[in-house]
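Let's take a friendly walk through this fold, one piece at a time. Keep the viewer open and follow along as the elements come up.

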Amino acid sequence: MNRALKRGLNVPSVTIVDEAGRVIPAEQRQLIRHLIQNGSGADTIFGNGTTGEWNRLGNTERLRTIEVTIDEVGIINRSMGTEVEAWVGINGRTRAEILTNL
């Protein structure tokens with residue numbers, strides 16, 4: 001498959017976690033909304049992969065980040081009529097984790 005990134009601003013998002021390393025969904029969603037900036041910001045949000053913290057999260061938290069990113073971008077697209085793409089890393093420590101994340 002040959003898939004090119006969408007033209008425009010492609011923004012990797014950090015993962016917002018608490019002291020125990022658990023994703024804070026409300027704050028993650030707030031970050032995504034900030035990056036999209038009502039359609040004037042990011043054209044693509046890339047979660048869970050490019051900022052280097054994926055290997056410091058357990059797979060449950062990686063999955064939570066994937067779910068929150070895809071869900072929030074979808075909510076924004078439906079409510080604002082935008083076409084922001086959500087890209088997420090499916091990284092894992094094992095083949096089984098990667099397949100689960102996929």
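## Starting at one bridge

A good place to begin is Ser13, whose bridge partner in β2 is Gly47. Please keep in mind that this is a predicted model. Right beside that pair, Pro12 has Phe46 as its bridge partner in β2, and Asn10 stands opposite Thr44 in β2. Altogether, four bridges join β1 to β2, which covers residues 44–47, and the two strands run parallel.

Gly47 also takes us onward to the next strand: its bridge partner in β3 is Val88. β2 and β3 are likewise paired in the parallel sense, over four bridges.

## The sheet as a whole

Putting these pairings together gives an open sheet of three strands, in the order β1-β2-β3, with parallel pairing. At its edges are β1 (10–13) and β3 (85–88), each of which pairs on one side only. On average, neighbouring strands of this sheet are turned by 25 degrees against each other, direction ignored.

Which side chains of β1 are buried, and which are not? They alternate along the strand: Val11 and Ser13 point to one face and are buried, whereas Asn10 and Pro12 point to the other face and are not buried.

## Helices on the sheet

Helix α1, residues 25–36, packs on the sheet and touches both β1 and β2. The direction of α1 makes about 160 degrees with that of β1. Together, β1, α1 and β2 form a β-α-β unit that is right-handed.

Helix α2, residues 59–80, lies across β2 and β3 and runs at about 175 degrees to β3. Here too the unit made by β2, α2 and β3 is a right-handed β-α-β.

## A closer look at α2

Does the length of α2 fit its residue count, or depart from it? With 22 residues at 1.5 Å a residue, α2 should span 32 Å, and its end C-alpha atoms are 31 Å apart, which agrees. After α2 comes Gly81, which has a positive phi, near 70 degrees.

Many positions in α2 can be checked for burial; among the buried ones are Asn59, Arg62, Ile66, Thr69, Val73 and Asn77. The buried residues of this helix pack against α1, β2, β3 and α3 (95–101). When you look at spacing along a helix, it helps to remember that an α-helix has 3.6 residues a turn, so residues three or four places apart point the same way.

## Two threonines in one helix

Thr60 and Thr65 make a nice pair to click on. Thr60 lies in helix α2, and Thr65 is found in that helix too. Are they buried or exposed? Thr60 has a relative accessible area of 53%, so it counts as exposed, the cut-off being over 50%. Thr65 has a relative accessibility of 1%, so it is buried, the cut-off there being under 20%.

Setting aside neighbours within four places in sequence, Thr65 is in contact with Thr15, Val23, Asn48 and Leu57. As for Thr60, its C-alpha atom is separated by 20 Å from that of Ile32, with the two positions 28 residues apart along the chain counted as their distance apart.

## The nonpolar core

The largest nonpolar core has 10 residues: Val11, Leu31, Ile32, Leu35, Ile36, Ala42, Ile45, Val73, Ile76 and Val84. Both α1 and α2 supply at least two residues of this core, and α1 gives the most, with four.

Ala42 is a handy member to select. Leaving out neighbours within four places in sequence, Ala42 is in contact with Leu9, Val11, Leu35, Ile36 and Val84.

## A loop residue beside β1

To finish, find Thr51, which lies in the loop between β2 and α2. What does Thr51 contact, leaving aside its neighbours within four places in sequence? The answer is Pro12, Ser13 and Val14.

Thr51 and Ser13 are 38 residues apart along the chain, yet their C-alpha atoms are separated by 7.2 Å. Thr51 counts as partly exposed, at 33% relative accessibility. That brings us back to Ser13, where the tour began with its partner Gly47 in β2.

Notes. Residues are numbered from 1 along each chain as its sequence is written. This is a predicted model: local features need pLDDT of at least 70, side-chain atom pairs count only at pLDDT 80 or more; totals for chains, interfaces and linings use all residues. Side-chain values use heavy atoms; hydrogens and water are left out. Two strands pair if DSSP finds at least two bridges between them. Axes are lines fitted to C-alpha atoms, for helices over the stretch in contact, and angles run from 0 to 180 degrees between N-to-C directions. Contact means heavy atoms within 4.5 Å. Buried means under 20% relative accessible area, exposed over 50%, partly exposed in between (1.4 Å probe, protein chains only). A crossover is right-handed if, with the strands pointing away from the viewer, the path from the first strand over the helix to the second runs clockwise. A nonpolar core is a set of buried Ala, Val, Leu, Ile, Met, Phe, Trp, Tyr and Cys residues joined through side-chain atoms within 4.5 Å. The expected span of a helix is 1.5 Å times one less than its number of residues.
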